[in-house]
Amino acid sequence: ASSTSPSPAMSDPIKLGFVGTGTIVSHTVKGLLRPGLDGRKLDITISPRSKDKAQELKSLFPGEVTVAEDNQGVLDASTVVCLGVTPQMAEGVLSELKFREEHTVVSFLSTAKIPDIARMCAPAKVILRAIPMPPIEKGLGPLVTHPPNETFDAIFARTGKIIALEDESQCAAMMSTSALMATYYEWEGVAHKFLVAQGVPSSQATTYVCSLFLALATKGQHEKDGFDKIVSESQTPGGINEQVLKSLREEGWFEAVGRQLDAVLARVLGKPRA
């Protein structure tokens, strides 16, 4: 598969389609069409699946979002096609569609490699993978893609920080790390419930927890010497941070997280589960 998309005139809108209209597609479309953004105009066509989400997007962005009659209608109206169906449904859904050679296909499928996608989307020549996350709706967070592609950048640069990878195995590793999202929110939830149980109003507890974790993430982003240093600097001998970290280490919490990342990577790579 090629990684170079045809280049339409810069003044022309990019005709972008989404096969599947689930949660991540909804977040992505909302991120792409946030008010006040610069960049190429987008004409977006979405599939009618998940009717409520499709109609919500159409009502939020009249004149920019069209709901096709079916998935083939998405392909017929688009030059760039994003695949937002589940990996389990992909083979059945895509086998019924007629792709064109000039289509650029962007797969959101977590466990399908480039050769698999190319086979399902033949004769399309340009096949990409991407890992959008829910914060894309707010223009936040990383957007991992493989391989680098100028058309992809022209569309998605407005949604956050693009991390374009040359090696698909690195893409799989980052896909695996994204599996920590729900665990992260559970961690925030534990802190929030603790504060509420101590009498802190729920809204103030939410503000504190989210602001705290955002500040910690921001500091970590600017740390040039690795996370070991910032872990060391964040605790004092006999202090409360040392107490919690030591206890979680003794309970094997971090090793368990590492094992789960290994297990997810094996799944993403299509390896048999142990």
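# Reading the model, one question at a time

Student: Why is T111 called partly exposed?

Tutor: Its relative accessibility is 29%. Buried needs a value under 20% and exposed one over 50%, so T111, at 29%, counts as partly exposed. Please keep in mind that this is a predicted model.

Student: Where is T111 found, and what is T111 in contact with beyond its neighbours in sequence?

Tutor: T111 belongs to the loop between β5 (104–107) and α5. Leaving aside neighbours within four places in sequence, T111 is in contact with P87, R129, R267 and V268. As for E251, 140 residues away along the chain, its C-alpha atom is 31 Å from that of T111.

Student: What makes K138 exposed rather than buried?

Tutor: The relative accessible area of K138 is 58%. Exposed means over 50%, so 58% puts K138 in the exposed class. K138 sits in the loop between β6 (126–131) and β7 (142–146). Its C-alpha atom is 21 Å from that of G189, a residue 51 positions apart from K138 in sequence.

Student: Could we step back to the whole chain? How many helices and strands does the protein chain have?

Tutor: There are twelve helices and eight strands. The C-alpha atoms fill a box of roughly 65 × 40 × 35 Å along the principal axes. Of the 274 residues in the protein chain, 35% are buried. Among contacts with a separation of 6 or more, 56% are between residues 24 or more positions apart.

Student: How do you know that the buried residues of α9 are on the same side of the helix?

Tutor: The buried residues of α9 are A205, V209, F213 and G220. They cover an arc of only 45° around the axis, and that places them on the same side of α9. A general rule is useful here: an α-helix has 3.6 residues a turn, so residues three or four places apart point the same way.

Student: What do the buried residues of α9 pack against, and which exposed residues are on the face turned away from them?

Tutor: The buried residues pack against α8 (181–197) and α10 (227–233). The face turned away from the buried side carries S203, L214 and Q221, which are exposed.

Student: How do you know that the length of α12 agrees with what is expected at 1.5 Å a residue?

Tutor: α12 has 16 residues, which should span 22 Å, and its end C-alpha atoms are 23 Å apart, so the two agree. Helix α9, residues 202–221, can be checked in a similar way: its 20 residues reach 28 Å from first C-alpha to last, close to the 28 Å expected. Just after α12 comes G270, with a positive phi of about 80°.

Student: Why is α7 called oblique to α12?

Tutor: The axes of α7 (residues 168–177) and α12 (residues 253–268) come within 9 Å and cross at roughly 130°. That angle is neither under 35 degrees, nor over 145, nor in the range 65 to 115, so α7 is oblique to α12. The crossing is right-handed. On the α7 side, A172, A173, M175, S176 and T177 take part, and they meet L261, V264, L265 and V268 in α12.

Student: And what makes α11 oblique to α12?

Tutor: Here the axes come within 5 Å and cross at roughly 55°. An angle of 55° falls between the limit of 35 degrees for roughly parallel and the start of the perpendicular range at 65, so α11 is oblique to α12. L245, L248 and R249 in α11 meet W253, F254 and E255 in α12.

Student: Why are α1 and α2 called roughly parallel?

Tutor: The axes of α1 (residues 23–32) and α2 (residues 51–60) come within 10 Å and cross at roughly 5°. Angles under 35 degrees count as roughly parallel, and therefore so do α1 and α2. T23, S26, V29 and K30 of α1 make the contact with K53, E56, L57 and L60 of α2.

Student: One last topic: which residues does a cis peptide bond join, and what is omega there?

Tutor: One such bond joins A122 and P123, with omega about 10°. P123 lies in the loop between α5 (114–120) and β6. The bond from H146 to P147 is cis too, with omega near -15°, and P147 is in the loop between β7 and α6 (150–156).

Methods: Residues numbered from 1 in each chain as written. Predicted model: local features only at pLDDT ≥ 70, side-chain atom pairs only at ≥ 80, totals over all residues. Heavy atoms only, no water. Helix = DSSP H or I, 4+ residues; strand = E, 2+ residues; numbered from the N terminus. Expected span 1.5 Å × (residues − 1). Buried < 20%, exposed > 50% of the residue type's maximum accessible area, 1.4 Å probe, protein only. Arc of directions from axis to C-beta. Contact = heavy atoms within 4.5 Å. Axes fitted to C-alpha atoms, helices over the stretch in contact; angles between N-to-C directions. Left-handed = near helix turned anticlockwise from the far one by under 90°.
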